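I opened this model to look up its fold, its charges and its aromatic contacts. My notes are below, in the order I took them.

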Amino acid sequence: VAIPLFFLGLSALFEQDTAGFKVLGSFVVIVLSLGLAYLAYWCVYQDGQNKCYTCMSNREKKRKTLAELPEDMEWLKER
């Protein structure tokens, strides 16, 4: 939802007749392009895909642990 609204706002900046809004739109496009270029560099050359996979795996382990905690506590109380 946020991405289409972002691009709609960006296109609205370029439709304005004032030079300030066009410069602001150009600045936003340059920053966005640099951010995407860095993301690609990080994923390819700094092992970003593996880091992201490891982070998501750790989050999934924590989520499962917290979800199963009440059952484990009941099991421990029964022993």
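These entries go from the whole chain down to single residues.

**Entry 1: the model.** I noted before anything else that this is a predicted model. I therefore read every value below as computed from predicted coordinates.

**Entry 2: elements.** I looked up the secondary structure and found 3 helices and 0 strands in the chain. Read from the N terminus, the order is α-α-α. Helix α2 covers residues 19-45, and helix α3 covers residues 48-78.

**Entry 3: overall dimensions.** How does the radius of gyration of the chain stand against that of a compact globule of 79 residues? The chain has 23 Å, where such a globule would have a value near 12 Å. I then took the extents of the C-alpha trace along its principal axes, which are about 75 × 30 × 15 Å.

**Entry 4: surface.** I looked up burial next, and buried residues account for 5% of the 79 residues. The accessible surface of the chain is about 7100 Å². Carbon and sulfur atoms hold 67% of that surface.

**Entry 5: charges.** I counted 9 positive and 9 negative charges in the chain. Their mean positions lie 6 Å apart. In general, side chains of opposite charge can pair when their charged atoms come close. I found 1 salt bridge in the model.

Which residue forms a salt bridge with Glu60? The partner is Arg63, and the closest N and O atoms are 2.7 Å apart. That distance meets the criterion, because a salt bridge needs the nitrogen within 4 Å of a carboxyl oxygen. I checked the placement in the helix as well: Glu60 and Arg63 are 3 residues apart in helix α3, so about one helical turn separates them. Glu60 is partly exposed at a relative accessible area of 35%, and Arg63 is partly exposed at 49%.

**Entry 6: aromatic pairs.** I searched for ring contacts and the structure gave 3 aromatic pairs. One of them is Phe6 with Phe7, an edge-to-face pair with 5.4 Å from centre to centre and 70° between the planes. It is called edge-to-face because its planes are over 60 degrees apart. Phe6 is partly exposed at 33% relative accessibility, and Phe7 is also partly exposed, at 44%.

Another pair is Tyr38 with Tyr41, which is tilted, with 6.4 Å between centres and 35° between planes. These two tyrosines are 3 residues apart in helix α2, so about one helical turn lies between them. Tyr41 is partly exposed, with a relative accessible area of 40%. I also noted that Tyr38, Tyr41 and Tyr45 form one aromatic cluster.

**Entry 7: Asp47.** Where is Asp47 found? It sits in the loop between α2 and α3. I looked up its backbone: phi is near 55°, a positive value in a residue other than glycine. Asp47 counts as partly exposed, at 41% relative accessibility.

**Entry 8: Met56.** I placed Met56 in helix α3. Is Met56 buried or exposed? Met56 counts as exposed because its relative accessibility is 51% and the cut-off for exposed is over 50%. I also took a C-alpha distance from Met56 to Ser33, and the two atoms are separated by 26 Å. Along the chain, Met56 and Ser33 are 23 residues apart.

Conventions. Residues are numbered from 1 along each chain as its sequence is written. This is a predicted model: local features need pLDDT of at least 70, side-chain atom pairs count only at pLDDT 80 or more; totals for chains, interfaces and linings use all residues. Side-chain values use heavy atoms; hydrogens and water are left out. Helices (H or I, at least four residues) and strands (E, at least two) are DSSP runs, numbered from the N terminus. The radius of gyration is taken over C-alpha atoms; the globule rule is 2.2 Å times the number of residues to the power 0.38. Buried means under 20% relative accessible area, exposed over 50%, partly exposed in between (1.4 Å probe, protein chains only). Accessible areas come from the Shrake-Rupley method with a 1.4 Å probe; for residues, only the protein chains shown count as cover. Lys and Arg count as positive and Asp and Glu as negative; His and the chain ends are not counted. The place of a charge is taken as NZ of Lys, CZ of Arg, CG of Asp or CD of Glu. A salt bridge is a side-chain nitrogen of Lys or Arg within 4 Å of a carboxyl oxygen of Asp or Glu. Rings of Phe, Tyr and Trp (its six-membered ring) pair if their centres lie within 6.5 Å; planes under 30 degrees apart count as stacked, over 60 as edge-to-face and the rest as tilted.
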